[in-house]
Amino acid sequence: MGNQVIDESPLIESHSSYVVKRTGNAWSAVAHIITALIGAGVLSLSWSVAQLGWIAGPLVLILFAITTLVQSSLLCDCYRFPDPEYGTIRTSSYIAAVKLYLGETKQKVAGVMAYVDLFGTAAAYVITTATSTK
């Protein structure tokens with residue numbers, strides 16, 4: 001039941017007709033979360049919060065935490081289609097979920113936006129790392 005993706009519906013095409021072997025567990029999830037949070041972006045976090053001050057700094061951190069929470073719950077609901085818990089189609093990526101819910105044109109727009117965001121994040125990490133090692 002956990003590894004099956006196959007349910008043919010006349011209205012919805014299955015994006016993947018193969019069975020994915022899932023080998024992750026709670027420890028690997030925790031390891032991925034820690035490596036994502038403790039990266040180059042954390043190196044300048046204290047400086048950034050200090051520049052905002054004692055009131056705006058913590059408020060911005062709380063705002064970003066809430067934004068991350070909402071975004072994560074929305075992405076989790078998009079994992080299975082059409083129902084978040086008992087959906088018959090699993091989307092294997094963010095772009096596949098966008099295509100399934102919004103269509104091919106918006107998939108291309110979201111893909112370009114995702115790559116621009118990835119490029120900007122990578123540039124920020126390089127600048128932060130260079131500044132921190134200086």
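A residue counts as partly exposed when its relative accessible area falls between the buried cut-off, under 20%, and the exposed one, over 50%. Val-30 sits at 39% relative accessibility, so it goes down as partly exposed. Keep in mind that this is a predicted model. The chain has 134 residues, and 13% of them count as buried.

**Overall layout**
- The protein chain's secondary structure adds up to 4 helices and 2 strands.
- Going along the sequence, you get the pattern α-α-β-β-α-α.

**The nonpolar patch and Val-30**
- Trp-27, Val-30, Ile-34 and Ile-38 together make a nonpolar patch on the surface, about 480 Å² in area.
- Val-30, one of the residues in that patch, belongs to helix α1, which covers residues 26-37.
- Patch residues need over 30% relative accessible area, and Val-30 has 39%.

**The second largest pocket**
- This pocket has a volume of about 260 Å³.
- Its lining is made of 12 residues, and those nearest the centre are Asp-117, Leu-118, Thr-121, Ala-124 and Tyr-125.
- Two helices, α2 (45-77) and α4 (104-133), each put at least two residues into the lining.
- Helix α4 gives the largest share of that lining, with 7 residues.
- Sorted by class, the lining of the second largest pocket holds 5 nonpolar, 6 polar and 1 charged residues.

**Two more residues on helix α4**
- Ala-114 is part of helix α4.
- Why does Ala-114 count as partly exposed? Its relative accessibility is 33%, and the partly exposed class lies between the buried limit of under 20% and the exposed limit of over 50%.
- In sequence, Ala-114 and Tyr-94 are 20 residues apart, while their C-alpha atoms are separated by 9.5 Å.
- Val-109 also has its place in helix α4.
- With a relative accessible area of 46%, Val-109 is partly exposed too, because exposed would take over 50%.
- How far apart are Val-109 and Ile-95, C-alpha to C-alpha? They are 9.9 Å apart in space, with their positions 14 residues apart in the sequence.

**Helix α4 in brief**
- Helix α4 is home to Ala-114 and Val-109, and it also supplies 7 residues to the lining of the second largest pocket.

Technical notes: Residues numbered from 1 in each chain as written. Predicted model: local features only at pLDDT ≥ 70, side-chain atom pairs only at ≥ 80, totals over all residues. Heavy atoms only, no water. 1 Å grid on protein atoms, 1.4 Å probe; cavity = no way out; pocket = protein on both sides within 12 Å on 5 of 7 lines; lining within 4 Å. Points joined across faces, edges and corners; volume = space filled by probe spheres on them. Nonpolar A, V, L, I, M, F, W, Y, C, P; charged D, E, K, R; others polar. Patch = residues over 30% accessible without salt bridge, like charges linked within 9 Å, V, L, I, M, F, W, Y side chains within 5 Å. Areas by Shrake-Rupley, 256 points an atom, 1.4 Å probe, with all protein chains shown as cover. Salt bridge = Lys/Arg side-chain N within 4 Å of Asp/Glu carboxyl O. Buried < 20%, exposed > 50% of the residue type's maximum accessible area, 1.4 Å probe, protein only.
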